Amino acid sequence: MTGGAGFLGSHLCTRLLDAGAEVDCLDDLSTGRAEKVAHLAGRPGFRFLERDISAPGCADALTGPYDLVLHLAGPASPAARPVRPVEALDAGSVGTRTALDVAGRDGARFLLASSPPVGPDARGDAPDEADPVGPHRACAEAVRFAEALVAAHAGAHGSNAGIVRLFDGYGPGMRSDGPGTPAALIEAALAGMPVTVPGDGSGTHPLC
C-alpha cells in the first residue's frame, strides 16, 4: 500500500492485518505520519518502508509477490496543491506507473485511490474547461493523469485495475491541524470558536 501512513491508508493497513493479510506499507512521510502505523510495527506480516513511490529504484524494494496493490500516495488536500505541485504530479505520473508495474509483475489486482479534483472544480467548471496551469490545478491534473494511465493500462494490457474516487474523509486518527473542511470544523470546535461552514450554502461537496 503506497501512502500507507496517511489517514485512510493507516486504517486500511489495520483492517487488512486484522483480516489475516500481510501488508507492505510504503510512505515517504511527506504528508503521512509514522505514528499512524507505529502500533502495527510489532505485528506479524507488517513491514513499513519509508520510500517515495516516485523515486528511481523504488520498485526493487517492493519484493512481493503481491495479490493486491493499493495506490494511495499523493497529497489530496487542497492546501497541499500549491505547496507541493511537483510532488503531486510525480505521484500521479511516475508513482502510478511504478505501482502499476509492480502489480503487473505479480499479476496483482491494482486499485487507484483517486479524489474529487478529477471532477468539476469549486467554480463548477467541467474538468476540460478548468485551467491546467492555475495555482490549484497541479493535484487535479495529477489525479486526472493517474486515472487516464490506469484506464489505458487496463485497456492495453488487460490489467486487473480499478479506480475509486474518495471524497473528504473524517474519523478517528485524522489530523485536526490539517487542511480541508473537516479539520477546520474540528479545530474550531476544540478551540471553542464558532463552527463556520465556508461558502454561500450552494456547495455540494460530500463528506465520508
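Helices and strands are taken as DSSP runs, with at least four residues (H or I) for a helix and at least two (E) for a strand, and are numbered from the N terminus. In the predicted model examined here, P65 falls in the loop that leads from α2 (58-61) to β3. The peptide bond between G64 and P65 is cis, with omega at about 0 degrees.

β3 belongs to an open sheet of three strands, arranged in the order β3-β4-β5 with parallel pairing. Because β3 and β5 (161-165) occupy the edges and each has a single partner strand, one side of each is left without a neighbour in the sheet. From one strand to the next, the twist averages 20 degrees. The pairing of β3 with β4 (residues 109-114) is parallel and extends over four bridges; L68 has R109 as its bridge partner in β4. Helix α4 lies across both β3 and β4, and runs at about 175 degrees to β3.

Strand β4 also contains S114. The relative accessibility of S114 is 5%, and this residue therefore counts as buried, the cut-off for burial being under 20%. When residues up to four places away in sequence are left aside, S114 is in contact with V143, E147, I163, V164, R165 and L166.

The second largest pocket encloses about 490 Å³ of space. Its lining comprises 22 residues, and those nearest the pocket centre are E22, V23, D24, Y66 and L68. Two or more lining residues come from each of β1 (23-26), β3 (68-71) and α4 (85-106). Classified by residue type, the lining of this pocket consists of 14 nonpolar, four polar and four charged residues. L68 thus appears both in the lining of the pocket and in the bridge to R109 of β4.

Further backbone features occur outside the sheet. L29 is located in the loop between β1 and β2 (46-49). Although L29 is not a glycine, it adopts a positive phi of about 65 degrees. Most residues other than glycine have a negative phi, and most peptide bonds are trans. With a relative accessibility of 26%, L29 counts as partly exposed. A positive phi, of about 75 degrees, is also found at G192, just after α6. Within helix α6 (residues 181-190), the buried residues include P182, A183 and A188.

Methods: Residues numbered from 1 in each chain as written. Predicted model: local features only at pLDDT ≥ 70, side-chain atom pairs only at ≥ 80, totals over all residues. Heavy atoms only, no water. 1 Å grid on protein atoms, 1.4 Å probe; cavity = no way out; pocket = protein on both sides within 12 Å on 5 of 7 lines; lining within 4 Å. Points joined across faces, edges and corners; volume = space filled by probe spheres on them. Nonpolar A, V, L, I, M, F, W, Y, C, P; charged D, E, K, R; others polar. Pairing = 2+ DSSP bridges. Axes fitted to C-alpha atoms, helices over the stretch in contact; angles between N-to-C directions. Contact = heavy atoms within 4.5 Å. Buried < 20%, exposed > 50% of the residue type's maximum accessible area, 1.4 Å probe, protein only.
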